[in-house]
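The following exercises concern side-chain environments, helix geometry and ligand surroundings. Each task is followed by a solution in steps.

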Amino acid sequence: MLNPRTKTGIGMDSIDPARITVRNLHIDEYDILIRIWDTAGLPSKPKGRDSREHIAREIQEGSGFFLVAELGGKIIGSVFGTSDGRKGWINRLAVLPEYQRQGIGHVLVREAEKRLYDAGIEIIACLIENWNAVSLQAFERMGYVRHDDIIYFTKRRSPDV
Ligand SMILES: CC(C)(COP(=O)(O)OP(=O)(O)OC[C@H]1O[C@@H](n2cnc3c(N)ncnc32)[C@H](O)[C@@H]1OP(=O)(O)O)[C@@H](O)C(=O)NCCC(=O)NCCS
């Protein structure tokens, strides 16, 4: 679902980044996280890698970091950073529609980038589905270089993962 204001392509005033707290997600906030993804129109795999159990395990094992953006005590956005040791990955970036185009996505990405750089990672990547024109544009605006020459291959143990 898109914010009608964003459909116009007209940007809005940014929220002062000092008003936004970016912090680790607590697993008790899982339902809020899923609601943000649903509301932002980000497809998820609730029976697979986006299940509560899976995310709880990832947080516990430290294989990635789930960050949320909070404004006035309300969670309004999320991002998930991972590292495979060679590259860092930005995943699951989402901002509630009514708060989009005010710099919150960028604040989340900057914090994820900082954590990955601090961990010694020097290249950060992101996979975006080709229908997602807003995200394609947003990542280009945030300094990411698009690679149309790369085709993504996966092998899945089940369609749910
Ligand atoms: C992608 C998304 C997270 C961006 O969040 P946001 O808070 O609106 O992003 P920001 O306001 O920080 O904008 C970051 C940059 O992207 C650009 N941008 C954001 N939305 C845009 C849009 N609809 N059209 C064009 N550019 C856009 C901004 O202009 C900004 O660049 P600038 O600083 O040079 O102006 C948000 O649109 C969203 O939640 N989308 C649905 C979920 C999704 O598809 N996530 C991607 C999965 S990887």
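**Exercise 1.** Determine whether N132 is buried or exposed, and describe its setting.

*Solution.*
Step 1. N132 has a relative accessible area of 15%. Buried means under 20% relative accessible area, exposed over 50%, and partly exposed in between, with a 1.4 Å probe and protein chains only. N132 is therefore buried.
Step 2. N132 belongs to the loop between strand 5 and helix 5 (133-141). Helices (H or I, at least four residues) and strands (E, at least two) are DSSP runs, numbered from the N terminus.
Step 3. The side chain of N132 makes a polar contact with the side chain of S135 at 3.1 Å. A polar contact is a pair of N or O atoms within 3.5 Å; within protein, one must be able to donate a hydrogen and the other to accept it, and residues adjacent in sequence count only if both atoms are side-chain atoms.

The model is predicted: local features need pLDDT of at least 70 and side-chain atom pairs count only at pLDDT 80 or more, while totals for chains, interfaces and linings use all residues. Residues are numbered from 1 along each chain as its sequence is written, and side-chain values use heavy atoms, with hydrogens and water left out.

**Exercise 2.** Identify which residues come nearest to the ligand, and which backbone atoms lie by its oxygen atoms.

*Solution.*
Step 1. There are 18 residues around the ligand, and L93, R101, G105, H106 and N132 come nearest. The criterion is a heavy atom within 4 Å of the molecule.
Step 2. A polar backbone atom of R101 is 2.6 Å from an oxygen atom of the ligand.
Step 3. For Q102, a polar backbone atom is 3.2 Å from a ligand oxygen.
Step 4. For H106, a backbone N or O atom lies 2.8 Å from an oxygen atom of the ligand.

**Exercise 3.** Test the length of helix 4 against expectation and list its buried residues.

*Solution.*
Step 1. The expected span of a helix is 1.5 Å times one less than its number of residues. The 15 residues of helix 4 should therefore span 21 Å, and its end C-alpha atoms are 21 Å apart, which agrees.
Step 2. I104, G105, V107, L108, V109, A112, E113 and L116 are the buried residues of helix 4.
Step 3. These buried residues pack against strand 1 (20-24), strand 2, strand 3, strand 4 and strand 5 (124-125).
Step 4. V109, a residue of helix 4, has 0% relative accessibility and so counts as buried. V109 touches L93, M142 and Y144, not counting residues up to four places away in sequence; contact means heavy atoms within 4.5 Å.
Step 5. After helix 4 comes G120, whose phi is positive, near 90°.

**Exercise 4.** State which residues touch the most other members of the largest nonpolar core, and where the core draws its residues from.

*Solution.*
Step 1. A nonpolar core is a set of buried Ala, Val, Leu, Ile, Met, Phe, Trp, Tyr and Cys residues joined through side-chain atoms within 4.5 Å. The largest holds 37 residues, of which W37, I90, Y99 and I104 touch the most other members.
Step 2. Two or more residues each come from helix 2 (30-40), strand 2 (64-71), strand 3 (74-83), strand 4 (88-95) and helix 4 (104-118).
Step 3. Y99 touches I15, L71, K74, I76 and I104, leaving aside residues up to four places away in sequence.
Step 4. In soluble globular proteins, nonpolar side chains tend to be buried together.

**Exercise 5.** Examine S78: where does its side chain reach?

*Solution.*
Step 1. S78 is found in strand 3 and is buried, with a relative accessible area of 1%.
Step 2. Its side chain reaches the backbone oxygen of R92 at 3.2 Å.
Step 3. Not counting residues up to four places away in sequence, S78 touches L33, W37, L67, V68, R92, L93, A94 and L108.

**Exercise 6.** Determine how many salt bridges the structure holds, and analyse two that lie within helices.

*Solution.*
Step 1. The structure holds eight salt bridges, each a side-chain nitrogen of Lys or Arg within 4 Å of a carboxyl oxygen of Asp or Glu.
Step 2. R57 pairs with E61, the closest N and O atoms being 4.0 Å apart. Both lie in helix 3 (residues 52-61), four residues apart, about one turn of the helix. R57 is partly exposed at 42%, and E61 is exposed at 56%.
Step 3. R115 and E111 meet at 3.1 Å, N to O, and both lie in helix 4, four residues apart. R115 is partly exposed at 26%, as is E111 at 23%.
Step 4. An α-helix has 3.6 residues a turn, so residues three or four places apart point the same way.
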